[in-house]
Each structure stands twice: as C-alpha cells, then as structure tokens.
Amino acid sequence: MGRHDPALTIALSGRAGLARGLYAGTLVRTPLGWSAVETLCPGELVLTRDRGLCPVLALVREELPALWAVRIPAGALENTADILLPPGQPVLVQTESALPYTGEAEALVPASSLEGWRGIVPVARATTAPIWQIRLDRASLLEAGPGIVTGVDGGEAAEADLLTRLMAQPERPVLPLAAARHLVATLIGMATGEGLQAARG
C-alpha cells in the first residue's frame, strides 16, 4: 500500500485528510523568543506572520500512528535547521510559480507534496508520536522554526456560526494535494533545468 493511498490517509489522521500539527520539540516564535510547541499554554502569545501577536486558545495533543513524517532539511525553505512535519501540515512556499494557483508568489501546500524537492524526503517513524495542534482565534500563518511558516486552524469556538467561520478563513487556502504536487513538480523541473544549464555552461 502506498503512502498516499486513501486507506492510509484515514489511518494516519482518523479523519479525512492527512495528519496535521507539530511534533514535540518544534519551535514556535513567541514575544520572548522560540518555545517548543508542547510548552505553550492557553493565553500565551505566539507571533503570526499575517496577524502579529495572537493568544493561544488551546493546545491539543493527539496520539496518531506516525507511519511517516516529512523531513525538511536545513536550507530547503530558508530554515536554519532540519524540521519534521506531519504529512498534511500546511507549509508556506514562496515562488513565482505559485502565481497561476494563488495569484500570489506564495502558496500553502501540504508538507507531503514537497517530497522530492530540495532534499525534502519522507521519513518512516517506528513509534506513535504525539502531534500538537495549536488553536488560535482565527486561522493564521505561524512561524514554526526559523525560516518555516505554517498554517494553523482557528479554534472550535471560531467555527460556531457561519459568519464567524467565513471571517476565520485563512489569508490563503491550502492547495489541494494534487495541485500542490503539480506545483512542486514544476519547481523540481525548473531546478533540474537550471542544473543542466549550469553543467553545460
């Protein structure tokens, strides 16, 4: 069974879509510096890229079968250190190639769609690893480790009524997995072409 099979998707997350969140030890930016995600408390402020300082409404720990994670090596996305993310965690990618998909030179894509680009690879995990989900009052772009920007959801209270739910939509939606893979395939093709050109030059 392949890693992207629907059955595996359900096994990973317990719901539709790939597992999302942050592994213990992942650094999150706060006004006082970087803090490991599992040390955050409700009411504590975190620094978002799109909304500035926001209070944490809740920190939810989920035990999920960690069949694989996505390893983003240092330097792949301007990150200064390696980082492991669950396969469905949205990651912000900045590239002109995103314009046809988002109308902007950046896009939120599931981490698993980045596999094969700039040394980003899947990593098998032999044990169950907790995944921490940060809930803010609205969906936001969160700094998770130097050089990494991820998407986080709004809290359950923010989804209580239609008006609030509409207002809580993220600044940009996460690209569907198929579209995200197509974008990344374009980036891989561009990098390959540039490498060939440099070799000839």
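**Salt bridges in the predicted model**

Let me start with Arg-29, which counts as partly exposed at 34% relative accessibility; please bear in mind throughout that what we are looking at is a predicted model. Its partner is Glu-143, and the two form a salt bridge in which the closest N and O atoms are 3.4 Å apart. Arg-29 belongs to strand 2, residues 27-30, whereas Glu-143 belongs to strand 13, residues 140-143, so this pair ties together parts that are 114 residues apart in sequence. Glu-143, for its part, has a relative accessible area of 17% and is buried, because the cut-off for that class is under 20%.

How many salt bridges does the model hold by this rule? The count comes to 5, and I will take you through two others, beginning with Arg-51 and Asp-137, whose side chains meet at 2.9 Å, N to O. Here the linked parts of the chain are again distant, at 86 residues apart, with Arg-51 in the loop between strand 4 (45-48) and strand 5 (52-55), and Asp-137 in the loop between strand 12 (129-135) and strand 13. Arg-51 is partly exposed, with a relative accessible area of 24%, and Asp-137 is likewise partly exposed, at 32%.

Finally, there is the salt bridge between Arg-71 and Asp-82, where the N to O distance is 2.7 Å. Arg-71 sits in strand 7, residues 68-72, while Asp-82 sits in the loop between strand 7 and strand 8 (83-85), which puts the two residues 11 apart. As for accessibility, Arg-71 is partly exposed at 29%, and Asp-82 is partly exposed at 44%.

Definitions and conventions
Residues numbered from 1 in each chain as written. Predicted model: local features only at pLDDT ≥ 70, side-chain atom pairs only at ≥ 80, totals over all residues. Heavy atoms only, no water. Salt bridge = Lys/Arg side-chain N within 4 Å of Asp/Glu carboxyl O. Helix = DSSP H or I, 4+ residues; strand = E, 2+ residues; numbered from the N terminus. Buried < 20%, exposed > 50% of the residue type's maximum accessible area, 1.4 Å probe, protein only.
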